[in-house]
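Student: I'd like to go through this one label by label and ask what earns each label. Can we take a look?

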Amino acid sequence: MRLLVASLFSCVLVAGPSQAQAPSDTASKIPVEQFFQRPNTSGAAISPSGRQIALRRLSPQGRFMLTVVDTESKQARAVANFNNADVDLIFWISDERLVFTTNNVDHNGTIGKTGVYAMDRDGKNRILLRETVGHPRGFADGDQVRTDSQSGLSYNGFPATPDEELYVISTLPDSAEMARMDTRTGRVHNFRVPNNTFQLLIDADGKPRIATAWRQDLHQSFLRDGDSWREITRMGTPLTDGFKPLLFAEDQLYVRARNGRDEAGIYRYDIARQTLLPQPLITAPGFDTDGSFIVGPRNMLGFRFNTDAATTVWFDPAMKALQEQVDQQFPGLVNQISRGRFSSTPYVLISTHSDIQSHAFLLYHRDSKAVSLLGSAMPQLAPQQMSNMSLERFAARDGQQIPVLLTLPKHTGKAPFPTVVLNGASMAQRNGLWEWNPEVQFLASRGYAVLQVSPRGSNGFGLRHLNLTPAGSGTDALTDLADAVQWAAKQGYSDPARVCIAGGHGGGAAALRSLLTQAQTYQCAISWSAELKPKDDALNARLGELRKPVLLAYDKDSERLDYQQGRQLYATLQAQQAPVQWLEYPPQVEHWKTQQPRIDLWRQIESFLATHIGPRP
């Protein structure tokens, strides 16, 4: 799927100069902090009746707060605004009650613990349901912008019980019980499930129906009959030959499976005959189909997943017609529409974005087609100042087709451009979507072409792509990255004499390895928060041989393995007088609000790139 790019509709979503008003070098002058500050609005969820919208917004104190907007009056009210914590996930448990999680909690404030909370939609009767472990965020990590389907607490099936209860899933390996939690009283009722259960599907009546357990490298699925569980499948991992249960609705089980194909699709599973029906409901050539179902009062309405961009397939005729209406009104954008599960109102929530437009959340009247802006992530950045992205596929040295997201500078100079190969956080995960990306857009604004390669071994592009590295073949993820540079140079996009490779975490380790093994391709490498020796890799042991410029950046925490490894590598390179630059950022609560370390990192990256591969005058 290739989406056409269009300017965003007038005056509704973005403030900023029009296309005619924007000078050719406008984007290059955008300050770095405008790309990396916290998003203004970063999540939204519509209530079951469609009469309320919950929004995750940035408070004047720099914290994420929860605001509820009445869809008829458009009046907004902050119902969870803490001076020492961020609201994270938001979810309607009923039309009167919300569940939300908190993170980035500091001491001496208005809320005490990282956890899962419930409260009425007016902010009253708040209780702590469960305390959770707050994972410290890295200095380079940004804030995630979530669509409606990503805003709820993560479990599958229908979203809640009729009695305002949540099911709490335990992941302990020997657990034989799960819990049903009353969100008003906090009382917990335990019930038995098969040992090692890690996933539960809830039906439209709020009852557990399908449990999936992981046992001895096998996935086992169980159907609940009365008070007992009956095994219905025993298969391998869903990544290969097995399947993943996704929804139980109207006595139908919907699963993700390959069913003998290269790409995973969505199928129905016949429980009575214990067999997978051969005809897929959804397939996407070139992509694995994985995502989440959208449900009505009792039935399945549609399915939301990713190809090159976020995609929705509707089975409900009314929702399909509404999607077509919205797409015609707002062309060239990814428009994700959400309606209250029991809604009888004409209001729907739209989350919309493109490669050049950050996420915006709209309240839409399906009859009058009137639209109101609820909020947008980065309103300070006009789409016409951004650079377009496209998904391409190139032939690697062994002829295999490798996906790459290509972004070329829009306002600075002419091709061929100096180029940054920007790795994802994990080389086993697909690298990016067709959507606005602050790191990509910042680099493009400074005159760099950006390549986001999904090399062999990464998921999302079929089983063959996942298993494309036979032993002794001489091809691997690192050669795919280098081949992407050669492809871009042959197309006239990239200057092969000015290429740097960058990434964080696993992508940062891959950047350093690439500079060592594919030294002819790159002039420099940038790596942040990289753990270098997860398997005592012999290649990692040779990183001290690096002689080209390297920028290393880490959280300053002597207890962390990645920090210890980074310091050791820096000391080794410094002792050998290699051109290495070191950055470290002490963890502070204030940094969650200001994003100062992330902004400083990219300011340092800008200077590093300008020195070693920068655009020519």
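**Reading the labels**

Tutor: Sure, and keep in mind that this is a predicted model. Let's start with helix H10, where the buried residues are Pro 597, Arg 598, Ile 599, Asp 600, Leu 601, Trp 602, Ile 605, Phe 608 and Leu 609.

Student: How do you know how the reach of H10 compares with the expected span?

Tutor: H10 covers residues 596–612, which is 17 residues, and the distance from its first C-alpha to its last is 24 Å. The expected figure at 1.5 Å a residue is 24 Å, so the two are close.

Student: Gln 604 is in H10 too. What makes Gln 604 partly exposed?

Tutor: Its relative accessibility is 25%. Buried needs under 20% and exposed needs over 50%, so Gln 604 falls in between. Beyond four places in sequence, Gln 604 touches Gln 581, Leu 583 and Tyr 585. The C-alpha of Ala 553, 51 residues away along the chain, is 10.0 Å from that of Gln 604.

Student: Why is Arg 97 called buried?

Tutor: Arg 97 has 1% relative accessibility, and the cut-off is under 20%, so it counts as buried. Arg 97 belongs to strand S6, residues 97–103.

Student: What does Arg 97 touch, leaving out residues up to four places away in sequence?

Tutor: Its contacts include Phe 91, Trp 92, Asp 120, Lys 124, Glu 164 and Arg 184. As for Asp 122, it is 25 residues from Arg 97 in sequence, with 8.7 Å between the C-alphas.

Student: And Thr 407, buried or exposed?

Tutor: Buried: the relative accessible area of Thr 407 is 0%, and under 20% is what the label asks for, so the conclusion follows. Thr 407 is part of strand S29, residues 401–407. Among its contacts outside the neighbouring four places are Ser 387, Met 389, Val 440, Tyr 448 and Val 450.

Student: What makes S10 and S11 a pair?

Tutor: Strand S10 (residues 165–168) and strand S11 (residues 177–182) share 4 bridges in the antiparallel sense. A pair needs at least two bridges, so S10 and S11 qualify. Glu 165 sits opposite Asp 182 of S11.

Student: How do you know that S11 also pairs with S12?

Tutor: There are 5 bridges between S11 and strand S12 (residues 188–192), again antiparallel. With at least two required, that is a pair. Glu 177 faces Arg 192 of S12. S11 and S12 make a hairpin with 5 residues between them, and Gly 186 in the turn has a positive phi of about 80°.

Student: Why are S17 and S20 called edge strands?

Tutor: The open sheet has 4 strands in the order S17-S18-S19-S20, paired antiparallel. Strand S17 (243–249) and strand S20 (275–276) each pair on one side only, and that is what makes them edges. S20 is joined to strand S19 (residues 265–270) by 2 bridges, and at least two are needed, so that counts as pairing. Asp 270 is opposite Thr 275 of S20.

Student: How many cavities of 30 Å³ or more turn up?

Tutor: The search of the whole structure gives 1. The largest cavity holds about 40 Å³ of space. Its lining includes Leu 391, Val 404, Arg 430, Gln 452 and Phe 461.

Student: Which element supplies the largest share of that lining, and how do the classes split?

Tutor: S29 supplies the largest share, with 3 residues. By class, the lining has 5 nonpolar, 4 polar and 1 charged residues.

Technical notes:
Residues numbered from 1 in each chain as written. Predicted model: local features only at pLDDT ≥ 70, side-chain atom pairs only at ≥ 80, totals over all residues. Heavy atoms only, no water. Buried < 20%, exposed > 50% of the residue type's maximum accessible area, 1.4 Å probe, protein only. Contact = heavy atoms within 4.5 Å. 1 Å grid on protein atoms, 1.4 Å probe; cavity = no way out; pocket = protein on both sides within 12 Å on 5 of 7 lines; lining within 4 Å. Points joined across faces, edges and corners; volume = space filled by probe spheres on them. Nonpolar A, V, L, I, M, F, W, Y, C, P; charged D, E, K, R; others polar.
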